[in-house]
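Here's a friendly walk through a structure you may not have met before. Have a look at it first, then follow the questions below.

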Amino acid sequence: MTIVSLPVEDLPNAKSHSVVTAAGDLLRGLSRWELWGRLGWLDVRRRYRRTTIGPFWTSITLAVYVGAVGTVGASIWHQNIHDYLPFLVSGMVTWTLVSSIIIESCGMFIAGQALFRNICFEYSVLAYALVWRVFLVFLHNLIVYFAVVLLLKPSVLGLTALLAIPGLLLILANGVWVALLCGMLCLRFRDVPPLIAAVIQISMLITPLFWPADTLVGMREFVFVELNPLYHVLDVVRAPLLGELPHLSSYAFMIGMTIGGWWLAYKVFSRFRKRIAYWS
Amino acid sequence: MASVVLENVNVDFPIYGAQQRSLHKAIFKRATGGSIERNGRNQDRVTVKALTDVSLTLQDGDRLGLIGHNGSGKSTLLKLIAGIYQPLSGRVKVEGRVTPLFDAMPGLDSEDSGYENIITSGMLIGMTRRQIEAKIPEIEEFCELGEYLTLPVRTYSTGMTMRLGFALVTALDPGVLLMDEGFGTGDLRFAERAEARMSDFIGRSQIMVLASHSDNTIRSMCNKAVLMEAGRIVAFGPVNEICDRYYESVHMLPQAENEQATGVSKLDVSNRSGDGTLRILEAQIESADADGVIRSKSSLKITLSYQSVSEMRDLRFYVGIFDAKGTGLFMLDSDAFGGLPNAIPAKGSITCSTGPINLTPGRCYINIAVFKFERELDHLYKTVYFNVAVDDFHPAGKGPPRDWVMCVIGQNWKLEGLENVGLLVDEDI
């Protein structure tokens with residue numbers, strides 16, 4: 001663990017183990033992909049150790065959920081099941097990805113205390129591991145998406161669907177800063193995790209996830225769709241998965257959020273990174 | 001080339017979630033540890049000053065012992081050097097690879113197999129997968145876990161997990177090695193070859209910093225030492241000098257309370273065992289000299305007053321006289337020398353007179369024990385301290401200090417064939 005840092009003019013070629021800048025932490029953390037890749041992968045595996053179906057339990061749960069809610073929802077929202085189920089499943093896989101990142105980031109540093117109180121390593125490794133872990137689960141869930149879509153509406157699997165990849169990358173890029181920011185906030189203020197959990201639960205209902213965005217009109221549409229960040233986050237992945245183009249406003253919003261979010265998270269991270277060990 | 005440089009480092013711990021009430025109590029109960037400060041509006045922000053203005057420079061070959069009471073800041077200082085804590089102010093510069101041994105296997109997961117844990121922990125410590133895989137044969141050989149390495153760690157006994165961690169950690173290139181006491185010492189006992197491996201491991205390190213509150217551990221493993229008190233470095237220097245000072249601060253605390261110039265002391269009963277059938281009530285150590293001062297060649301008169309429930313038989317009184325550092329000097333034994341009647345009354349006092357003690361000037365203490373065969377009735381440890389005063393045993397005050405030797409002896413020096421030019425100091429001997 002030799003990391004160059006500090007203004008060490010008087011020590012030529014000096015290497016210090018402690019990263020002093022936040023940028024150093026983020027970059028060096030990223031370069032240790034072997035470590036966070038392993039941490040993330042082991043986390044997924046541990047959850048399902050000694051089970052026969054393993055990580056596919058989430059996929060099965062999702063499949064049952066989508067099947068049940070989809071059948072009921074199709075009649076509530078007066079939708080054709082061939083349109084509604086693919087809509088619901090592509091929304092749900094994306095939603096699971098996003099909400100898992102947010103909810104799990106609350107416990108990221110709290111759970112990592114045992115590590116960073118005993119060894120010195122880049123805090124960002126935990127954030128990368130978390131996003132990687134959630135992404136791996138997402139890949140498992142994607143199977144449900146393919147199953148539903150192939151069964152009910154194979155036509156959506158066109159070239160447009162590939163647009164989901166840049167959308168996904170945007171979500172993951174945002175995931176890292178969300179993890180860092182939420183992780184620090186929740187470590188310092190232990191009231192935040194339950195608050196975030198509550199907010200996520202409510203936003204699941206008020207975001208166009210179970211119901212199509214165009215069921216709302218006028219002011220409500222503006223508030224719950226246009227002004228709803230989670231709608232845009234969903235849109236950049238869900239729309240391509242349904243063979244549609246995401247709204248430009250969604251891309252604009254996502255790019256803005258990536259820049260703004262990273263700016264904020266970086267500010268907070270560089271200001272308080274040194275205090276993380278003390279907060280634990 | 002490794003180095004550790006600390007410049008005016010301060011570390012404060014903010015305390016969150018501490019109830020004001022309980023914290024208030026904590027402050028007054030706190031005997032050791034960093035000072036607790038309150039600041040902010042309403043005095044509601046509470047911080048513990050864990051390290052105050054610490055400066056330190058270490059070079060290659062330094063084996064530094066951190067010694068001090070619990071809560072004196074030893075572990076915090078180690079974690080600061082490890083980069084786990086960042087200083088609030090001041091600078092920490094560490095050159096070289098750092099190996100902190102606070103947790104032998106960071107990230108240990110009991111569901112993963114031994115091999116998997118080796119790789120995870122190794123990566124967390126900072127090795128690449130390839131580096132760890134190169135070390136695996138060595139680790140396998142040393143930990144002797146064989147097939148167990150393919151099983152989940154939860155199937156291991158504590159000792160096996162310890163062996164695995166030890167084998168992994170000692171396979172590293174130590175560089176700047178940081179150890180908290182438990183690690184090297186307690187866990188070392190699983191095998192003698194572990195000890196050999198540990199000393200080889202320490203030997204390979206460029207710099208070692210070991211925190212312990214045992215001066216013996218520090219003396220045996222370090223060449224320099226730092227004495228810490230309440231988050232400050234109070235002394236830094238050669239290991240023996242610092243350890244002596246620490247030793248004194250630990251063992252000589254009773255000086256002010258129970259010692260008088262004459263060498264007559266009150267009983268300190270804070271450290272006592274025995275079934276209590278008989279209790280020593282008072283103990284006096286007096287010099288047989290006219291002025292009552294205990295000197296190198298004084299004879300002692302020790303008076304013990306006791307009380308028990310009834311008349312007792314077959315009692316054996318012991319008085320052990322020790323140097324303040326714990327070296328045994330004399331054992332006074334009522335049974336070996338006789339003189340006491342077999343039956344003694346329920347309450348009374350017993351005296352023991354000794355020959356000249358011939359001790360160098362310095363502090364001593366006594367232990368008192370009363371036994372009835374194997375039964376321990378009363379046992380008092382370090383119950384009375386006394387001083388052997390500097391005297392004229394040696395001409396012109398040339399006597400050696402207690403640090404050098406325990407005893408003095410009369411001497412007669414002469415050059416063969418010439419008149420006796422020396423001075424026979426003590427005709428009694």
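## Getting to know the two chains

Q: Which residues of helix α1 of chain A are buried?
A: This is a predicted model, so keep that in mind throughout. Helix α1 of chain A spans residues 22-31. Its buried residues are A:A22, A:D25, A:L26 and A:G29.

Q: Why do those buried residues sit on the same side of α1(A)?
A: An α-helix has 3.6 residues a turn, so residues three or four places apart point the same way. Here the buried ones sit on the same side of α1(A) because the arc they cover around the axis is only 95 degrees.

Q: Which helices are included in what covers the buried residues of α1(A)?
A: The cover comes in part from elements of chain A. Included in it are α6 (124-152) and α11 (248-272).

Q: How many helices does chain A have?
A: Read chain A from the N terminus and you meet α after α. There are 0 strands. The count of helices is 12.

Q: What share of chain A is buried?
A: Chain A has 280 residues. For its contacts between residues at least 6 apart in sequence, 74% link residues at least 24 apart. As for burial, the share is 41%.

Q: How many residues does each chain bring to the contact between them, and how does the side of chain B divide?
A: Chain B puts in 28 residues and chain A puts in 26. On the chain B side, the elements giving two or more residues are β1 (3-15), β5 (89-95), β6 (98-101) and α3 (114-125). That side of chain B divides into 14 nonpolar, 6 polar and 8 charged residues.

Q: Which element gives the most to the largest nonpolar core?
A: This core has 143 residues. Those with the most contacts inside it are A:A179, B:L66, B:I81, B:L178 and B:A225. The element that gives the most, with 15 residues, is α6(A).

Q: How many residues are in the other core, the one that lies apart?
A: Among its members are B:L315, B:V370, B:F371 and B:V408. Its count of residues is 28.

Q: Which residues does B:L66 touch, leaving out those up to four places away in sequence?
A: B:L66 is among the residues with the most contacts inside the largest core. Its list of partners is B:K74, B:L77, B:L78, B:V209, B:L210, B:A211, B:V226 and B:M228.

Q: Where does B:M228 find its partners in the strands of chain B?
A: Strands β4 (63-68) and β9 (224-229) of chain B run parallel over 5 bridges, and B:M228 in β9(B) is the bridge partner of B:G68. On top of that, β9(B) pairs in the antiparallel sense with β10 (232-238) of chain B over 6 bridges. There, B:M228 stands opposite B:I233.

Q: Which residue in the turn between β9(B) and β10(B) has a positive phi?
A: These strands form a hairpin with 2 residues between them. The phi in question is about 45 degrees, and the residue is B:A230.

Q: Which residue has a positive phi in the turn between β15(B) and β16(B)?
A: β15 (315-323) and β16 (328-333) of chain B run antiparallel and are joined by 5 bridges, with B:I321 partnered by B:F330. The hairpin leaves 4 residues between the strands. The phi is about 105 degrees, at B:G326.

Q: Which strands stand at the edges of the open sheet of 5 strands in chain B?
A: The order is β11-β20-β19-β15-β16, with antiparallel pairing. Inside this sheet, β19 (362-372) and β20 (375-388) of chain B share 10 bridges, and B:C364 stands opposite B:F386. Two strands have a single partner strand each, so one side of each lacks a neighbour in the sheet: β11 (272-273) and β16 of chain B.

Q: Is B:L149 buried or exposed?
A: B:L149 lies in the loop between α4 (129-143) and α5 (158-170) of chain B. Beyond its neighbours within four places in sequence, B:L149 is in contact with B:S113, B:G114, B:Y115 and B:E140. Since 20 other C-beta atoms lie within 10 Å, B:L149 is buried.

Q: Where in chain B does pLDDT stay under 50?
A: Chain B averages a pLDDT of 78, and 80% of its residues score at least 70. Two of the stretches under 50 are residues 19-31 and residues 184-189.

Note on methods: Residues are numbered from 1 along each chain as its sequence is written. Chains are lettered from A and ligands numbered from 1 in the order in which they are written. This is a predicted model: local features need pLDDT of at least 70, side-chain atom pairs count only at pLDDT 80 or more; totals for chains, interfaces and linings use all residues. A residue is buried if 20 or more other C-beta atoms lie within 10 Å of its own, exposed if 12 or fewer, and partly exposed in between; C-beta atoms are placed from the backbone. The arc is that of the directions from the helix axis to the C-beta atoms. Two residues are in contact if their C-beta atoms, placed from the backbone, lie within 7 Å. pLDDT is the predictor's confidence in each residue, from 0 to 100. Ala, Val, Leu, Ile, Met, Phe, Trp, Tyr, Cys and Pro count as nonpolar, Asp, Glu, Lys and Arg as charged, and the others, Gly among them, as polar. A nonpolar core is a set of buried Ala, Val, Leu, Ile, Met, Phe, Trp, Tyr and Cys residues joined through C-beta atoms within 7 Å. Two strands pair if DSSP finds at least two bridges between them.
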